[in-house]
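Visitor: I'm new to reading protein models, and I keep meeting words with precise cut-offs behind them. Could you walk me through one and show me how each label is earned?

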Amino acid sequence: MFIVVCNDYELNDYDKELISKMAPKFVPFLSKGYSILLTGFTGFLGVPFLRTVEFIQQNWDLNVTFQILTRNQDNFLGNHPWLRFVSSFDVVECDLRYQRMNFKGISHCIHGACPSAAETFAGMK
């Protein structure tokens, strides 16, 4: 397990060095043609994870795709336009609380979705 700290969602040299040391342990898993669904990866912890995956993909030959669910695709891509240029990332607008999604072709799911803080604490005094 390793933790990457991103300043302004950019990997620094220390992060890249750490990832370069640890990535060979994960590359065999990420080279099997998997399609991984990510929920809850649009915020504080998820975006650095996506930057880490992007860096690994740039430096190793991976065969994996990620479907990243977001409640507001335009807002998420507006805040993180670099995601449009990562060929293995597909950003999909879907609110799992109210919508059904076709999971055909998904081999793995990393589920971290939860209500937003504003929704969670709405009305609390």
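**From labels to numbers**

Guide: Happily! Let's begin with a small detail: a polar atom in the side chain of Thr70 lies 3.3 Å from the backbone nitrogen of Asn72.

Visitor: Why is that called a polar contact?

Guide: The term asks for a pair of N or O atoms within 3.5 Å; within protein, one must be able to donate a hydrogen and the other to accept it, and residues adjacent in sequence count only if both atoms are side-chain atoms. At 3.3 Å, the pair from Thr70 and Asn72 is therefore a polar contact. Before we go on, please note that this is a predicted model, in which local features need pLDDT of at least 70 and side-chain atom pairs count only at pLDDT 80 or more, while totals for chains, interfaces and linings use all residues. Residues are numbered from 1 along each chain as its sequence is written, and side-chain values use heavy atoms, with hydrogens and water left out.

Visitor: How do you know whether Thr70 is buried or exposed?

Guide: Buried means under 20% relative accessible area, exposed over 50%, and partly exposed in between (1.4 Å probe, protein chains only). Thr70 has 6%, so it is buried. It belongs to strand β2, and among its contacts (heavy atoms within 4.5 Å), leaving out residues up to four places away in sequence, are Thr42, Phe76 and Val91.

Visitor: What makes up the chain overall, in helices and strands?

Guide: There are four of each, in the order α-β-α-β-α-β-β-α. Helices (H or I, at least four residues) and strands (E, at least two) are DSSP runs, numbered from the N terminus.

Visitor: How confident is the predictor in the chain?

Guide: The average pLDDT, the predictor's confidence in each residue from 0 to 100, is 81 for this chain, and 84% of the residues score at least 70. Of the elements, strand β3 (residues 89–93) has the highest mean, 91, and helix α4 (residues 117–121) the lowest, 63.

Visitor: Why is the pair Phe66 and Phe89 given its label?

Guide: Rings of Phe, Tyr and Trp (its six-membered ring) pair if their centres lie within 6.5 Å; planes under 30 degrees apart are stacked, over 60 edge-to-face, and the rest tilted. That rule gives two aromatic pairs here. For Phe66 and Phe89, the centres are 5.8 Å apart and the planes at 85°, so this pair is edge-to-face. It joins strand β2 (residues 64–70) to strand β3, across 23 residues. Both Phe66 and Phe89 are buried.

Visitor: And what makes Glu54 buried or exposed?

Guide: Its relative accessibility is 13%, so Glu54 counts as buried. Glu54 sits in helix α2 (residues 46–59), and its side chain shares a 3.1 Å polar contact with that of Arg51. Beyond four places in sequence, Glu54 touches Trp82, Val86 and Phe89.

Visitor: How do you know that the charge of Arg51 sits over a ring?

Guide: The test wants NZ of Lys or CZ of Arg within 6 Å of the ring centre and within 35 degrees of the ring normal. The charged end of Arg51 sits over the ring of Trp82, 3.8 Å from its centre.

Visitor: One last check: why does Ser88 get its label, buried or exposed?

Guide: Its relative accessible area is 5%, so Ser88 is buried. Ser88 is found in the loop between α3 (73–79) and β3. Across the whole chain, 36% of the 125 residues are buried.
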